[in-house]
Amino acid sequence: MLEVVKAWKELFAAYGVEARSLEMLEGAILPASFFRTEPPETV
């Protein structure tokens, strides 16, 4: 899944999405948890 969505920003920009909107979407489309290699800490 990560490989599929990795280029989302370039695709959106190619369709004319403004830089400000790309910045706002970045955390929702590829949150830091996508890159987690270790399990989260227990609560």
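The following exercises, each with a worked solution, concern a predicted model of one chain.

In this predicted model, local features need pLDDT of at least 70 and side-chain atom pairs count only at pLDDT 80 or more, while totals for chains, interfaces and linings use all residues. Residues are numbered from 1 along each chain as its sequence is written, and side-chain values use heavy atoms, with hydrogens and water left out.

**Exercise 1. Confidence**

State the mean pLDDT of the chain, and find where confidence is lowest and where it is highest.

Solution. Begin with the scale: pLDDT is the predictor's confidence in each residue, from 0 to 100. The chain has a mean pLDDT of 85, and 100% of its residues reach 70 or more. Next, go to the elements: the lowest confidence is in helix H1 (residues 2–5), with a mean of 74, and the highest is in H2, at 91. As a reading rule, where pLDDT is low, the predicted coordinates should not be read in detail.

**Exercise 2. Overall architecture**

Describe the secondary structure, the extent, the surface and the charges of the chain.

Solution. Helices (H or I, at least four residues) and strands (E, at least two) are taken as DSSP runs, numbered from the N terminus. On this basis the chain has three helices and zero strands, and its pattern along the sequence is α-α-α. For the extent, the C-alpha atoms fill a box of roughly 40 × 20 × 10 Å along the principal axes. For the surface, the Shrake-Rupley method with a 1.4 Å probe gives an accessible area of about 3900 Å², 59% of which belongs to carbon and sulfur atoms. Buried residues (under 20% relative accessible area, with exposed over 50% and partly exposed in between; 1.4 Å probe, protein chains only) make up 7% of the 43 residues. Finally, with Lys and Arg counted as positive, Asp and Glu as negative, and His and the chain ends not counted, there are 4 positive and 7 negative side chains, whose two centres lie 2 Å apart.

**Exercise 3. The surroundings of Phe 12**

Establish where Phe 12 sits, which residues Phe 12 touches, and how its ring pairs with that of Trp 8.

Solution. Phe 12 belongs to helix H2 (residues 8–14), and it counts as partly exposed because its relative accessibility is 29%. Leaving aside residues up to four places away in sequence, Phe 12 touches Val 17, Leu 22, Leu 25 and Ile 29, where contact means heavy atoms within 4.5 Å. One of these partners, Leu 22, is ten residues from Phe 12 in sequence and 7.7 Å away in space, C-alpha to C-alpha.

Turn then to the rings of Phe, Tyr and Trp (its six-membered ring), which pair if their centres lie within 6.5 Å, with planes under 30 degrees apart counted as stacked, over 60 as edge-to-face and the rest as tilted. The whole structure yields one aromatic pair. The rings of Trp 8 and Phe 12 have centres 5.2 Å apart and planes at 85°, so this pair is edge-to-face. Because they are four residues apart in helix H2, Trp 8 and Phe 12 are separated by about one helical turn. Trp 8 is buried, since its relative accessible area is 7%.

**Exercise 4. Glu 3, Glu 10 and Ser 33**

Is each of these residues, Glu 3, Glu 10 and Ser 33, exposed or partly exposed?

Solution. Glu 3, found in helix H1, is exposed at 60% relative accessibility, and its C-alpha atom is separated from that of Ala 13 by 18 Å. Glu 10, in helix H2, is exposed at 52%. Ser 33 lies in the segment after helix H3 (19–29) and is partly exposed at 41%.

Methods:
Charge placed at Lys NZ, Arg CZ, Asp CG, Glu CD.
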